[in-house]
Every structure is written in C-alpha cells, then in structure tokens.
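Me: I should be grateful for a close look at a single part of this protein. Please concentrate on one helix and its surroundings, and explain each step for a first-year student.

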Amino acid sequence: MRQGSRIHGWLVCDKPAGVTSRQLVGRARRLTGAARLGHGGTLDPLATGILPVALGEATKTIAWCQDALKTYRVTARWGVSTSTDDDEGDVTGTSDVRPSADGIGAILASFTGDVSQTPPAFSAVKVAGKRAYALARKDIIPDLQPRLVKIERITLLAVEDRDHASFEVVCGKGTYMRALIRDMAARLGTLGHVHALRRTRVGPFSLSMAISVDSWLEHGRNALACGAIHPVETVLVDIPALVVTESQARQLRHGQAVRIGQTCKGTVRLQDDHGLVAIAKSDGDLVRPVRVFNHDGT
C-alpha cells in the first residue's frame, strides 16, 4: 500500500538511543510511504523520547512545533567532562568535587528564565557556513557565541548517588541540555556531562501519544490504524479557531483574503467542515492566509 502524500498528520515517535533524528524520519518514510516528512526538533543520538514526525500537510506546521515548550528528564554525571558534553565523548577532565543536594538546589533559580548559553562544540549550530560538529570532529574548536535561551523550570528529581543527579527541565527552542549540565557543574565548582536524556513532551505531544520503533516492527503499517497519526492542527491548539464556508475556503486556498463576519486580531486558524483550511492573520473581520492546507495534498 503506497498512500504517498495523502497521509497528513503527526506521527509521534518514541526515539530509541543510538538512532539519529534523521534516521528515524527515514524509517517513518518507509513505514508510511508519505511523500513529505520533517520533524519537530532534533534529539541527540544518545537521547530517547518524543520526536514528532510531520507527514504531508503537517510539514507546514513544523515551525509551531519547534517553537513549543519541551520537557526533558536529564541525568547529570558529576566530576567528569567530555568532548561532547555527554557519555559518547572522550574524557577531557576530572574533578574530585561532588555537589550536595542543597548546593544543587541553591543554583537552580540562576538557571531559569532567560539564560545565556554557549552551544556545545558538537552541535548542529553553523559557524561560517559549516556545522560546529563537523569542525569539532577535525579537532577544530568552533567559535560559538553565547545566545539567550528560555528555561521555564528546573526541578531536582533525585540525587541517585554522589556522582549522579536527575532533573526535569521545561524549556524553549534551542536549549541544549548538554550545555545546561556543563554550566551547572561549573557553577557548582566541578565538571559534569549528560549521562542520560529523555524528552517527555513537545508542546501538546506526550509519551502517552507516542509509538515505539518496536511497535513499528511488530505491526508495520497497521500501526497507523491504531490512532498513531494525530491531526495536522494538533500543534496549533493555542491558536484561536474560526469556521469558514466552503466558498471562503476556496478563496483562501487561492491566496485571497476574505471577510468572515467575526471581529478578531492576530493569528487564527481557519477550518471548514472537512478540516484545517489555513493559518491566517486577522485584522478586524478580514483574514489573510499565511499557510494554506489542501486535503488532496496538492
């Protein structure tokens, strides 16, 4: 069965360790036969958890998924730094200092809000047109500039032993857990890196909505009939929805502005009886389409 571009929606994957985000999207392509795919935010190969894969028309909403808040469970290992800031890298330093639970708790507030963070050397950030990790693999230290990221909340979940502590982190786009643990360790007077990382939520997508690779292998394409594909508009739940007529929907899909008889301002999503029609900018009762969606995949 080759459905091609007629498959539209979000396949919420539970990524296993050792697989890149790109490889998982490739597997989703083979599973679904969808012509267009993308994902809602890269996970490191070491990491597990939520990787939302956009199929068909859902690729037009990837930006909203990438901008959504994300939740991670991250385990730090204290006393050791690595070249990649996680377990996969070479050891670059050691320290005998181990932080206490009280010491850890005392610094958490300074790592919430708008936080200046320098990405890890092994990251996908571009430096002079090249990926930082490509330079780092050649033993060239990339010139990475600090940038502001948004960290909504950090909760200390457990201190497993003197070498390990686990946290839950809720953060915005572009936040690196490897950089966070590296910087927290430095504030605590020691070294540190990410020992384990699991993403438990991306915007509206949670682990309870995810399908594992094992399920793919067991059920094949029948897995898609088990509620694994979520509607395109799932990532747009925070955008007010308005109903348009079929005639207005045709106009919007041709890029035309329409008057909807309702007064509103800002970004709205427009739907008809068949589903999502457009994301639009509204000024009064006039709406102008920004992204249009086609049920036939054109």
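Reply: The buried residues of helix α5 are covered by several elements, including β4, α3, β7 (113-117), β10, β11 and β12. The model is a predicted one, and the description below should be read with that in mind.

The helix itself comes first. Helix α5 spans residues 177-187. Its buried residues are Met177, Arg178, Ala179, Leu180, Ile181, Met184 and Ala185. A general point about helices is useful here. An α-helix has 3.6 residues a turn, so residues three or four places apart point the same way. Just after α5, Gly189 has a positive phi of about 80 degrees.

The helix also belongs to a larger group of side chains. In soluble globular proteins, nonpolar side chains tend to be buried together. The largest nonpolar core of this model holds 26 residues, and Trp78, Phe167 and Val169 touch the most other members. At least two residues of this core come from each of β4, α3 (101-107), β10 (147-161), β11, α5 and β12 (192-202). The largest share, five residues, is supplied by α5.

Val169 shows how the helix meets its surroundings. Apart from neighbours within four places in sequence, Val169 is in contact with Lys70, Thr71, Tyr72, Val74, Ile151, Arg153, Ile154, Met177 and Leu180. Among these partners, Met177 and Leu180 are buried residues of α5.

The other two residues named with Val169 in the core form an aromatic pair. By the rule used here, the count of aromatic pairs comes to two. One of them is tilted: Trp10 and Phe205 lie 5.6 Å apart, centre to centre, with 45 degrees between the planes. This pair links distant parts of the chain, since Trp10 is in strand β1 (residues 9-15) and Phe205 is in strand β13 (residues 205-206), 195 residues apart. Trp10 counts as buried because its relative accessibility is 0%, under the cut-off of 20%. Phe205 also has a relative accessibility of 0% and therefore counts as buried.

The rings of Trp78 and Phe167 have their centres 6.5 Å apart, and their planes are at 80 degrees; the pair is edge-to-face because that angle is over 60 degrees. Trp78 lies in strand β4 (residues 70-78) and Phe167 in strand β11 (residues 164-171), so the pair ties together parts that are 89 residues apart in sequence. Both Trp78 and Phe167 are buried. The strands that hold this pair, β4 and β11, are among the elements that cover the buried residues of α5.

The whole chain provides the setting for this part. The protein has seven helices and 18 strands. Of its 298 residues, 47% count as buried. Among contacts between residues at least 6 apart in sequence, 68% join residues at least 24 apart.

A contrast with the buried residues of α5 is found in a loop. Ser208 is placed in the loop between β13 and β14 (211-212). Ser208 is exposed because its relative accessible area is 71%, over the cut-off of 50%.

In summary, α5 supplies the largest share of the largest nonpolar core, five residues, and the elements covering its buried residues include β4, α3, β7, β10, β11 and β12.

Notes:
Residues numbered from 1 in each chain as written. Predicted model: local features only at pLDDT ≥ 70, side-chain atom pairs only at ≥ 80, totals over all residues. Heavy atoms only, no water. Helix = DSSP H or I, 4+ residues; strand = E, 2+ residues; numbered from the N terminus. Buried < 20%, exposed > 50% of the residue type's maximum accessible area, 1.4 Å probe, protein only. Contact = heavy atoms within 4.5 Å. Phe/Tyr/Trp six-rings, centres within 6.5 Å; stacked < 30°, edge-to-face > 60°. Core = buried A, V, L, I, M, F, W, Y, C linked by side-chain atoms within 4.5 Å.
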